[in-house]
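Trainee: I would like a close look at a single part of this model. Please take me through it step by step.

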Amino acid sequence: MGLTPNIQKSGRIARAITGVLTIALGVAFWFFAWPEAPVIRTIAIVVCLAAGVFQLYEARKSWCVMRSCGIRTPM
């Protein structure tokens, strides 16, 4: 069972850009955010990095999980 491409070039570009920005946010949290709340900081870092990597995966495969679930996205 493979992933059927369901997004066009503009959607791939948008996902790649947001993936890179989300990873950059995770890295920024790693260096600058909430030294007094290490658990929240760690959760935020892991979520941002995982979401960014997943968005890059979606861009690479021309596939969107939201569209696969039947939710229409504007791109």
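Is Ser62 buried or exposed? And what does the helix before Ser62 look like?

Mentor: A caution to start: this is a predicted model. Ser62 counts as buried, because its relative accessibility is 13% and the cut-off for buried is under 20%. Ser62 follows helix 2 and lies in the loop between helix 2 and helix 3. Its backbone stands out for one reason. The phi of Ser62 is positive, about 55°, although the residue is not a glycine.

Now step back into helix 2. Helix 2 covers residues 38-61, which is 24 residues. At 1.5 Å a residue, a span of 34 Å is expected. The end C-alpha atoms are 34 Å apart, so the computed span agrees with the expected one.

Next, its buried positions. Ala44, Ile45, Cys48, Gly52, Glu58 and Ala59 of helix 2 are buried. Their cover includes helix 1, residues 9-32, and helix 3, residues 65-68.

Take helix 1 as the partner. Two packed helices are described by the angle between their axes and the distance between those axes. For helix 1 and helix 2, the angle is about 160° and the axes are 7 Å apart. That angle makes helix 1 roughly antiparallel to helix 2, because angles over 145 degrees fall in that class. The crossing of the two helices is left-handed. Sorted by class, their contact has 16 nonpolar, 6 polar and 5 charged residues.

One residue of helix 1 deserves a separate look: Arg15. At 12% relative accessibility, Arg15 counts as buried. Leaving aside residues up to four places away in sequence, Arg15 touches Ile7, Gln55, Glu58, Ala59, Trp63, Cys64 and Thr73. Among these contacts, Glu58 and Ala59 are also on the list of buried residues in helix 2.

Finally, the other loop. Trp34 lies between helix 1 and helix 2. Its phi is near 40°, again a positive value in a residue other than glycine. Trp34 has a relative accessible area of 34%, so it is partly exposed. Ser62, by contrast, counts as buried at 13%.

To put the part together: helix 2 packs against helix 1 at about 160°. The loop between helix 1 and helix 2 holds Trp34, and the loop between helix 2 and helix 3 holds Ser62.

Note on methods. Residues are numbered from 1 along each chain as its sequence is written. This is a predicted model: local features need pLDDT of at least 70, side-chain atom pairs count only at pLDDT 80 or more; totals for chains, interfaces and linings use all residues. Side-chain values use heavy atoms; hydrogens and water are left out. Helices (H or I, at least four residues) and strands (E, at least two) are DSSP runs, numbered from the N terminus. The expected span of a helix is 1.5 Å times one less than its number of residues. Buried means under 20% relative accessible area, exposed over 50%, partly exposed in between (1.4 Å probe, protein chains only). Contact means heavy atoms within 4.5 Å. Axes are lines fitted to C-alpha atoms, for helices over the stretch in contact, and angles run from 0 to 180 degrees between N-to-C directions. Angles under 35 degrees count as roughly parallel, over 145 as roughly antiparallel, 65 to 115 as roughly perpendicular and the rest as oblique. A crossing is left-handed if the near helix is turned anticlockwise from the far one by less than a right angle, and right-handed if clockwise. Ala, Val, Leu, Ile, Met, Phe, Trp, Tyr, Cys and Pro count as nonpolar, Asp, Glu, Lys and Arg as charged, and the others, Gly among them, as polar.
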